[in-house]
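Morning, everyone. Let me put one model on the screen and walk through its layout and its charged contacts.

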Amino acid sequence: MASPAFSAPGGVAVVGSGLIGRSWAMLFASAGFKVKLYDVEPRQVTHALDSIRKEMKSLEQSDSLKGSLGAEGQLSLISGCSDIREAVEGALHVQECVPENLELKKQLFAQLDGIVGDQVVLSSSSSCLLPSRLFSGLVHVKQCLVAHPVNPPYYVPLVELVPHPETAPATVDRTYALMRKIGQSPVRLTKEVDGFALNRLQYAVISEAWRLVEEGVVSPGDLDLVMSDGLGMRYAFIGPLETMHLNAEGMLSYCDRYSEGMKHVLKTFGPIPEFSGAAAEKVHQAMCVKVPDDPEHLAARREWRDRCLMRLARLKSQLQPQ
Ligand code: NAI
């Protein structure tokens with residue numbers, strides 16, 4: 001594979017124009033990349049282009065559009081495509097965003113494997129399918145990896161880069177550089193693991209949250225406050241390891257002081273919850289008091305969440321340490 005090829009804007013193909021495909025298209029265009037947006041369902045592409053236009057215009061109006069180009073400039077970089085060969089022709093990076101279905105994704109990567117050359121990176125947005133299941137046996141396996149974004153990617157910059165055992169280091173390096181260039185915050189996993197890093201942490205939190213509510217220790221509403229008004233306040237700025245480091249005279253001091261207490265509490269953790277039955281009903285009812293589960297209320301709450309995330313992202317960039 002050639003050396004890093006993203007010093008000048010080049011072509012990117014986004015395959016699948018749903019929720020995540022649209023976000024990727026906007027992010028790539030914000031950094032000046034030409035984007036071809038392909039979908040097996042042509043009406044989806046038309047719909048995606050309309051919704052991208054509306055979102056970019058609204059972001060521009062609220063002074064929140066990323067990148068140095070205006071909305072029209074960015075929109076002119078994104079074109080819809082109904083032919084996969086045409087979509088990937090000349091692309092330096094292909095970002096796959098089709099539904100989370102192993103067979104569907106394997107078929108798509110086999111198809112891409114047959115039509116791409118050896119210069120392109122083939123990247124999957126998969127949230128949980130392991131690279132060894134997605135890419136094994138492909139001729140271009142060295143050029144494949146998972147680049148897992150976090151919803152909504154336009155406001156939450158993390159991208160987990162997960163290699164197949166045969167992925168070339170240059171593929172990871174190139175994708176890392178590309179993600180930085182479009183303003184995302186990539187992290188590298190050295191090997192694949194179920195749930196990658198983000199969902200392993202998320203599931204650990206959800207699991208203990210569920211147990212505390214199921215055992216009646218705390219109400220569902222108060223449990224969420226423990227995160228949103230407690231742990232989450234600092235986790236938006238520093239991670240759990242730096243939290244340890246700062247909460248004592250450095251990490252070793254923290255381990256010295258608190259490891260026995262932590263191990264004592266950790267030994268009391270219960271089994272994996274079932275996430276069903278009476279506990280699920282109780283949590284569901286409590287959540288619906290706050291946000292009724294009809295499409296309008298859910299959409300309004302998501303919009304509010306996205307506005308909060310946008311403001312938080314701005315605050316974080318203003319508060320970067322010198
Ligand atoms: P979606 O259902 O909104 O969009 C999928 C799109 O792929 C649809 O427009 C569909 O017509 C198209 N499609 C289906 N088969 C195709 C094919 N063979 N070729 C081209 N296009 C095809 O799905 P969404 O939510 O955008 O998810 C896409 C990927 O991103 C999944 O792997 C998902 O796990 C991952 N992801 C999703 C997140 C989320 O919160 N929605 C977060 C992070 C990753």
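I will start with the domains, then take the salt bridges in turn.

First, a caution. This is a predicted model. Every value I quote is computed from it.

Now the layout. The domain assignment splits the protein in two: domain 1 covers 11-188, and domain 2 covers 198-290. How far apart are the centres of domain 1 and domain 2? Taken over C-alpha atoms, 33 Å.

UniProt has an annotation here too. Its unreviewed entry lists residues 12-192 as "domain: 3-hydroxyacyl-CoA dehydrogenase NAD binding". Over that stretch, residues 12-192, helix makes up 41% of the chain and strand 22%. The C-alpha atoms at its two ends sit 25 Å apart.

On to the charges. How many salt bridges does a search of the whole structure find? Nine. I will pick out three pairs and one network.

Pair one is Arg-43 with Glu-41. Their side chains meet with an N to O distance of 3.4 Å. Arg-43 is exposed, at 65% relative accessible area. Glu-41 is partly exposed, at 32%.

Pair two is Glu-96 with Lys-105. Here the closest N and O atoms are 2.4 Å apart. Buried or exposed, then: which is Glu-96? Buried, with a relative accessible area of 0%. Lys-105 is buried as well, at 1%. The cut-off for buried is under 20% relative accessible area, so Glu-96 at 0% and Lys-105 at 1% both qualify.

Pair three is Asp-173 with Arg-188. The closest N and O atoms in this salt bridge are 2.9 Å apart. What does the pair tie together? Asp-173 lies in helix α7, residues 169-181, and Arg-188 lies in strand β8, residues 185-188. So the salt bridge links parts that are 15 residues apart in sequence. As for accessibility, Asp-173 is partly exposed at 39%. Arg-188 is also partly exposed, at 43%.

Then the network. Which residues are joined into one network by salt bridges that share partners? Arg-53, Lys-57 and Glu-72.

To recap the pairs by setting. Glu-96 is buried, and so is its partner Lys-105. Asp-173 is partly exposed, as is Arg-188. In the remaining pair I showed, Arg-43 is exposed while Glu-41 is partly exposed.

That is my tour. Over to you for discussion.

Methods
Residues numbered from 1 in each chain as written. Predicted model: local features only at pLDDT ≥ 70, side-chain atom pairs only at ≥ 80, totals over all residues. Heavy atoms only, no water. UniProt positions renumbered as here; feature names shortened; annotations may be inferred. Helix = DSSP H or I, 4+ residues; strand = E, 2+ residues; numbered from the N terminus. Domains from an automatic or database assignment. Salt bridge = Lys/Arg side-chain N within 4 Å of Asp/Glu carboxyl O. Buried < 20%, exposed > 50% of the residue type's maximum accessible area, 1.4 Å probe, protein only.
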